[in-house]
Amino acid sequence: MKIKTIKIPIYFGEFSIVLCDDYEEVNIKYGQNINGGYQGLVFRRNGNYNRYVVAFNAPPSGSIIAHEAVHLTSYLFHDIGHKLDALNDEPQAYLVGWFYAQIEEFFK
């Protein structure tokens with residue numbers, strides 16, 4: 001299992017990117033109950049505010065990275081009480097792009 005933990009700028013917190021052969025490794029390390037069938041997934045680390053994990057069981061496609069980056073952004077905004085604004089989505093676009101870039105760099 002390969003793991004990288006990164007500090008989240010502006011909004012604080014951190015997230016870990018995990019590449020595993022089998023989600024059972026993630027279940028053991030993070031106390032989860034993942035049943036597989038996912039190309040990627042996001043969860044709060046130990047249920048803690050602003051500590052997230054995105055896990056993959058194989059190098060993901062760009063569309064899977066984008067999908068998980070949206071989930072990461074939604075979790076973070078929910079946790080800090082930020083309401084999404086369809087007429088001012090720059091904070092959301094910034095953060096989705098930032099998460100995407102971090103995940104993409106991890107797999108290079």
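Here are three short exercises, with worked solutions, on the salt bridges of this predicted model.

**Exercise 1.** Find which side chains meet Glu14 in a salt bridge.

*Solution.* Let's start with the cut-off: a salt bridge needs a side-chain nitrogen of Lys or Arg within 4 Å of a carboxyl oxygen of Asp or Glu.
- Step 1: Lys7 pairs with Glu14 at 3.5 Å, N to O.
- Step 2: Arg45 also pairs with Glu14, with N and O 3.5 Å apart.
- Step 3: for Arg51 and Glu14, the closest N and O atoms are 3.3 Å apart.

Through these shared partners, Lys7, Glu14, Arg45 and Arg51 join into one network. By this rule, the count of salt bridges comes to four.

**Exercise 2.** Work out where in the chain Arg45 and Glu14 lie, then do the same for Arg51.

*Solution.* Take one pair at a time.
- Step 1: the salt bridge between Arg45 and Glu14 links distant parts of the chain, 31 residues apart. Arg45 sits in the loop between strand S3 (40–44) and strand S4 (51–56), while Glu14 belongs to strand S2 (residues 14–19).
- Step 2: the salt bridge between Glu14 and Arg51 links strand S2 to strand S4, with the two residues 37 apart.

**Exercise 3.** Decide whether each member of the network is buried, partly exposed or exposed.

*Solution.* The cut-offs are under 20% for buried and over 50% for exposed, with partly exposed in between.
- Step 1: Glu14 has a relative accessible area of 14%, so Glu14 is buried.
- Step 2: Lys7 reaches 62%, so Lys7 counts as exposed.
- Step 3: Arg45, at 21%, is partly exposed.
- Step 4: Arg51, at 25%, is partly exposed.

Note on methods
Residues are numbered from 1 along each chain as its sequence is written. This is a predicted model: local features need pLDDT of at least 70, side-chain atom pairs count only at pLDDT 80 or more; totals for chains, interfaces and linings use all residues. Side-chain values use heavy atoms; hydrogens and water are left out. Buried means under 20% relative accessible area, exposed over 50%, partly exposed in between (1.4 Å probe, protein chains only). Helices (H or I, at least four residues) and strands (E, at least two) are DSSP runs, numbered from the N terminus.
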